[in-house]
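Colleague: I'd like a close look at a single part of this model, the sheet and whatever packs around it. Could you walk me through it slowly, as you would for someone in their first year?

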Amino acid sequence: MNWYQWVKNSYIRLNKSFKNTYFTTNTIMRDVEKLLCYVVGVSREKFFAFSETLLTREQFSKLEILLCRREQGEPIAYLIGEQEFWSLNLLVSRDTFIPRCDTECLVTHVLKVISSDNAKILDLGTGTGAISLALAIEKPMWEITAIDYNLKALLIAKKNAAKFGIKNINFFCSRWFESLHSHKLYDLIVSNPPYISIREFYLLHKELFFEPRTSLISAKNGTADLEEICFLSKYYLVSGGWLILEHGYKQGYIVRSLLSRAMFKCILTIKDYGNNERVTQGRWI
């Protein structure tokens, strides 16, 4: 069987598995192409140029195993060990939340809010390091602190920083603010915390079941971590500092209310690529 034949047959299989889901035909085809390129070690361009190349038995066996796992709903990022974010191919593992493209809206907004080339930034719950890495690439003079209480996730984040030669991020283990020095203040705090309720979790697509639940689920109907960050951030921000949070598309009003109760000003919600409320800011004055 050649590369093209495998992709064609596998697309048909996946299309049946993901029938009546939110996956588009283009997404399914890209997943199959990614698996092929990953196993045979070629770029997408080379796949199209040499699509009649025959698969070896070993390659076919590996592809069959990965395809079966994908049919069960395991995310493509875990199968190939990477996910693109901000044009960076980030390393991921089952210990990390998979970065989503909508979080790029959060990065874009942070870059609009802080125009200075020198700033102190705190990234709460960094996971793969996606947000910090994107900011560090754009602002190499920023001093970024990225924390996560999952040591395995921090290891992945550090590997990603090394992969791209990024030197301006300090990674360390903490649950939100617990291990931070209270005397150090930041110009901006950014976070994409867990914001899904346990009830919502079981109603969502099975792909999410493979990701760390601690990165997804929050108590108080999905608002516990958002609330904690809103009420504690002011003790770690300079006067005029910003707090920018990602949240669920139905949580914009809740986060604005939390920021208002915590005495933040300049409260504003930004929409994501799908025109859903996704990112909310507040300024500590």
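Which strands does helix 6 (residues 103-113) lie across, and at about what angle does it run to strand 7?

Modeller: Happy to, and keep in mind that this is a predicted model. Helix 6, residues 103-113, lies across strand 6 (186-191), strand 7, strand 8 and strand 9. Its angle to strand 7 is about 160 degrees. Helix 12, made of residues 252-261, packs on the sheet too, where it touches strand 7, strand 8 and strand 9. The direction of helix 12 makes about 10 degrees with that of strand 9.

Now for the sheet itself. It's an open one, with seven strands in the order 5-4-3-6-7-9-8 and mixed pairing. Strand 5 (169-173) and strand 8 (265-271) are the edge strands, as each of them pairs on one side only. On average, neighbouring strands here are turned by 15 degrees against each other, if you ignore direction. As a bit of background, strands of a sheet pair through backbone hydrogen bonds, and they can do that in a parallel or an antiparallel way.

Let's zoom in on one pair. Strand 7 covers residues 237-246 and strand 9 covers residues 277-284; they pair in the antiparallel sense, over six bridges. If you want a spot to click on, try W242, which stands opposite R283 in strand 9.

Back to helix 6, and a tryptophan to look at alongside it. W86 sits in the loop between strand 1 (82-85) and strand 2 (88-91). Leaving out its neighbours within four places in sequence, W86 is in contact with E104, V107, T108, L111, A134 and E138. Take V107 from that list: the C-alpha atoms of W86 and V107 are 8.8 Å apart, though the two residues are separated by 21 residues along the chain. Is W86 buried or exposed? W86 counts as buried because its relative accessible area is 19%, and the cut-off for buried is under 20%.

While you have the structure open, have a look at the charged side chains. There are 17 salt bridges in the whole structure. One of them joins R30 and E33, at 3.4 Å from N to O. These two are three residues apart in helix 2 (residues 25-40), so about one helical turn separates them. R30 is partly exposed, at 31% relative accessible area, whereas E33 is buried, at 5%.

You can find another such pair in helix 4 (residues 57-71), where K62 and E58 lie four residues apart, about one turn of the helix. The closest N and O atoms of their salt bridge are 3.5 Å apart. Here K62 is partly exposed, with 44% relative accessible area, and E58 is exposed, with 54%.

K220 and E227 also meet through their side chains in a salt bridge, 3.5 Å from N to O. K220 is exposed at 56% relative accessibility, while E227 is partly exposed at 22%. There's a network to trace as well: salt bridges with shared partners join R175, E178, D225 and E228.

Last stop, the surface. I198, Y202 and F209 make a nonpolar patch of about 300 Å². I198 belongs to helix 9 (residues 198-203), and it is partly exposed, with a relative accessible area of 46%.

Conventions:
Residues numbered from 1 in each chain as written. Predicted model: local features only at pLDDT ≥ 70, side-chain atom pairs only at ≥ 80, totals over all residues. Heavy atoms only, no water. Patch = residues over 30% accessible without salt bridge, like charges linked within 9 Å, V, L, I, M, F, W, Y side chains within 5 Å. Areas by Shrake-Rupley, 256 points an atom, 1.4 Å probe, with all protein chains shown as cover. Salt bridge = Lys/Arg side-chain N within 4 Å of Asp/Glu carboxyl O. Buried < 20%, exposed > 50% of the residue type's maximum accessible area, 1.4 Å probe, protein only. Pairing = 2+ DSSP bridges. Axes fitted to C-alpha atoms, helices over the stretch in contact; angles between N-to-C directions. Contact = heavy atoms within 4.5 Å.
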